[in-house]
Amino acid sequence: MTPILECKTLCKAYKNTVALNNVNLQVNPGRIVGLLGPNGSGKTTLIKLTNGLLTPTMGELLIDGKPVGVETKKIVSYLPDRNFLAQWMTVDQMVDYFADFYEDFSRERADGMLQNLAIDRTRKIKTLSKGNQEKVALILVMSRVAKLYLLDEPIAGVDPATRDYILRTIISNYTENATILISTHLISDVEQVLNDVIFIKQGNVVLCDTVDNIRQREQKSVDDYFREVFKC
């Protein structure tokens with residue numbers, strides 16, 4: 001089986017700061033994976049490298065066996081940690097924009113999720129609440145029929161009800177052969193949907209294992225084990 005994501009001695013440095021240090025990693029298809037670590041641990045850097053927004057200082061990163069480039073971007077759907085929506089557009093205009101830009105965009109999937117939320121599609125993005133803007137952004141990203149979804153802090157800064165909706169949307173709107181990589185430090189909220197976890201600390205991968213293995217071996221939740229590994 002070809003890993004959907006593979007890192008080989010991957011390094012990324014910014015001037016005097018090492019963001020990722022000799023990362024060796026394999027993520028298999030069909031998994032929901034938590035990329036877990038405190039702020040500044042290298043999570044966003046790894047996601048941006050996977051999406052081609054950054055280039056490695058050293059090492060190699062492969063998506064579905066291919067170097068990051070035009071072909072891999074066709075199979076990767078990316079939700080950044082900052083609001084990317086055009087505030088002057090309406091919800092419908094954002095849907096049209098995604099449909100025009102991405103060949104794998106499913107209008108049917110987007111229409112269904114927007115209808116479930118009862119979001120007024122004629123409203124401009126800037127008139128929506130922060131929670132609804134987060135939902136629209138996630139809907140757009142999850143409406144692509146991609147092989148790899150990169151979700152950077154998808155539940156940060158939103159209320160618990162919105163978090164629950166976002167997690168339900170994530171697990172119910174991707175094909176079983178696709179992979180979702182969720183970057184977060186809110187472990188207890190996402191643990192229920194994860195198959196595997198990657199612990200990253202100061203640019204180093206310190207653990208890569210299944211959720212079931214961690215619970216059986218450590219006799220505690222992933223959240224509790226995370227707190228133990230990353231305690232100050």
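This report describes the nonpolar cores, the pockets and the aromatic pairs of the structure above, which is a predicted model.

**Nonpolar cores**

The largest nonpolar core has 52 residues, and those with the most contacts inside it are Leu151, Ile180 and Phe199. Helix H5, which covers residues 130-142, supplies the largest share of this core, namely 7 residues. A second, separate core has 23 residues, among them Leu20, Val23, Leu35 and Ile198. For a reader who wishes to look at one residue of the largest core in detail, Phe199 is a suitable example, being one of those with the most contacts inside that core. When its neighbours within four places in sequence are left aside, Phe199 is in contact with Leu36, Asn204, Val205, Val206, Leu207, Val222, Tyr225, Phe226, Val229 and Phe230.

**Pockets**

The two pockets with the largest volumes are set side by side in the table below, together with the classes of their lining residues.

| Pocket | Volume | Nonpolar lining | Polar lining | Charged lining |
|---|---|---|---|---|
| Largest | about 580 Å³ | 13 residues | 2 residues | 5 residues |
| Second largest | about 250 Å³ | 7 residues | 3 residues | 6 residues |

In the largest pocket, the lining is made up of 20 residues, of which Lys73, Val76, Phe101, Tyr102 and Arg144 lie nearest the centre. Strand S6 (76-79) and helix H3 (91-101) are the elements that give two or more residues to this lining, and the largest share, 4 residues, comes from H3.

The second largest pocket is lined by 16 residues, and the closest to its centre are Pro80, Asp81, Arg82, Asn83 and Glu134. Here helix H5 gives the most to the lining, with 4 residues, and H5 is also the helix that provides the largest share of the largest nonpolar core.

**Aromatic residues**

The structure holds 10 aromatic pairs. One of them joins Phe98 and Tyr102, whose ring centres lie 5.3 Å apart with an angle of 50° between the planes, and this pair is tilted. The two partners can also be described by their accessibility: Phe98 counts as buried because its relative accessibility is 7%, which is under the 20% cut-off, whereas Tyr102, with a relative accessible area of 23%, is partly exposed.

Both residues belong to one aromatic cluster, which is formed by Phe84, Tyr97, Phe98, Phe101, Tyr102 and Phe105. Phe101 and Tyr102 from this cluster also appear among the residues that lie nearest the centre of the largest pocket.

How values were computed: Residues are numbered from 1 along each chain as its sequence is written. This is a predicted model: local features need pLDDT of at least 70, side-chain atom pairs count only at pLDDT 80 or more; totals for chains, interfaces and linings use all residues. Side-chain values use heavy atoms; hydrogens and water are left out. A nonpolar core is a set of buried Ala, Val, Leu, Ile, Met, Phe, Trp, Tyr and Cys residues joined through side-chain atoms within 4.5 Å. Buried means under 20% relative accessible area, exposed over 50%, partly exposed in between (1.4 Å probe, protein chains only). Contact means heavy atoms within 4.5 Å. On a 1 Å grid over the protein atoms alone, a cavity is a set of points where a 1.4 Å probe fits but cannot get out, and a pocket is an open set with protein on both sides within 12 Å along at least five of seven lines; lining residues have an atom within 4 Å of a point. Grid points are joined across faces, edges and corners, and a volume is the space filled by probe spheres set on the points. Ala, Val, Leu, Ile, Met, Phe, Trp, Tyr, Cys and Pro count as nonpolar, Asp, Glu, Lys and Arg as charged, and the others, Gly among them, as polar. Rings of Phe, Tyr and Trp (its six-membered ring) pair if their centres lie within 6.5 Å; planes under 30 degrees apart count as stacked, over 60 as edge-to-face and the rest as tilted.
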